[in-house]
Amino acid sequence: MDPHRIHTVEALRQLYDMPSERIVKMSFPFLDDHCLRFVAESPLVFVATMAESGMDCSPRGGRPGFVHAEDRQTLALPDWPGNNKLSSITNILTSDGGCGLVFLVPGVDIFLRVNGIATVTTAPSLLERLREEERTPKAAIRLSVREAFFHCGKALRRSHLWQPDAWSVPRDLPSPGQVVKDQAGLADLSVEQIDAMYRKGLAEQLYSESPHME
């Protein structure tokens, strides 16, 4: 047992000041012009959903604007093939659809957070708008916005994420190929082959029953 464990919000609030009225007013039940611009420029979003076993968080990436704003209260995210676990969309289908998004824009020390209720759709017109070159997603996550606000970028500044000169890059960190080979027990592929597949964007093939090189 942790004798210092906090059990109530009241006890927690004794440690922190209340948020300022200005901060509270900067949260909206829709996407204003600044939010829309940020979404349009973002190549990376983290998707948080609720599973029966607990919370889940998954990164999604693409060219800036890959997340489509249908209007000021609706966002659409393409669901591209990956490991086929389908964790995020399964969680949406087996829960009340509660979903949180965190958008990043390279070089910008601020986050955009959007919370709402998500559904999964195969609407042809929407999937067509989410196309990338010759690819059309099989499904999309559609988020009905309940709350949108910008989050202070202290975490980005502390991590120096946008400052390569300040990065501390470990020299002995295993490559993706080494991690996959060890954890999946792949005997028919070498570490070098797996790393090559990652570089070519063929990582999803590694999770099939019979991975192969192209």
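**Note on the pockets of the model**

1. In this predicted model, the second largest pocket is lined by I23, M26, S27, I110, R113, E147, F149, F150, H151 and C152. Two elements each give two or more residues to that lining, namely strand 6 (110–121) and strand 7 (139–152).

2. Strand 7 provides the largest share of the lining of the second largest pocket, with five residues. The volume of the second largest pocket is about 220 Å³.

3. Sorted by class, the residues that line the second largest pocket comprise six nonpolar, two polar and two charged ones. Among the nonpolar residues in this lining are I23, M26 and F149, while R113 and E147 are charged.

4. The largest pocket has a volume of about 730 Å³. Its lining consists of 25 residues, and those lying nearest the centre of the largest pocket are R60, W80, P81, G82 and N83.

5. Which elements each supply at least two residues of the lining of the largest pocket? They are strand 2 (54–61), strand 4 (74–79) and helix 4 (87–93). Of the lining of the largest pocket, the largest share comes from strand 2, which contributes six residues.

6. The class composition of the lining of the largest pocket is nine nonpolar, eight polar and eight charged residues. Of the residues nearest the centre of the largest pocket, W80 and P81 count as nonpolar, G82 and N83 as polar, and R60 as charged.

Key. Residues numbered from 1 in each chain as written. Predicted model: local features only at pLDDT ≥ 70, side-chain atom pairs only at ≥ 80, totals over all residues. Heavy atoms only, no water. 1 Å grid on protein atoms, 1.4 Å probe; cavity = no way out; pocket = protein on both sides within 12 Å on 5 of 7 lines; lining within 4 Å. Points joined across faces, edges and corners; volume = space filled by probe spheres on them. Helix = DSSP H or I, 4+ residues; strand = E, 2+ residues; numbered from the N terminus.
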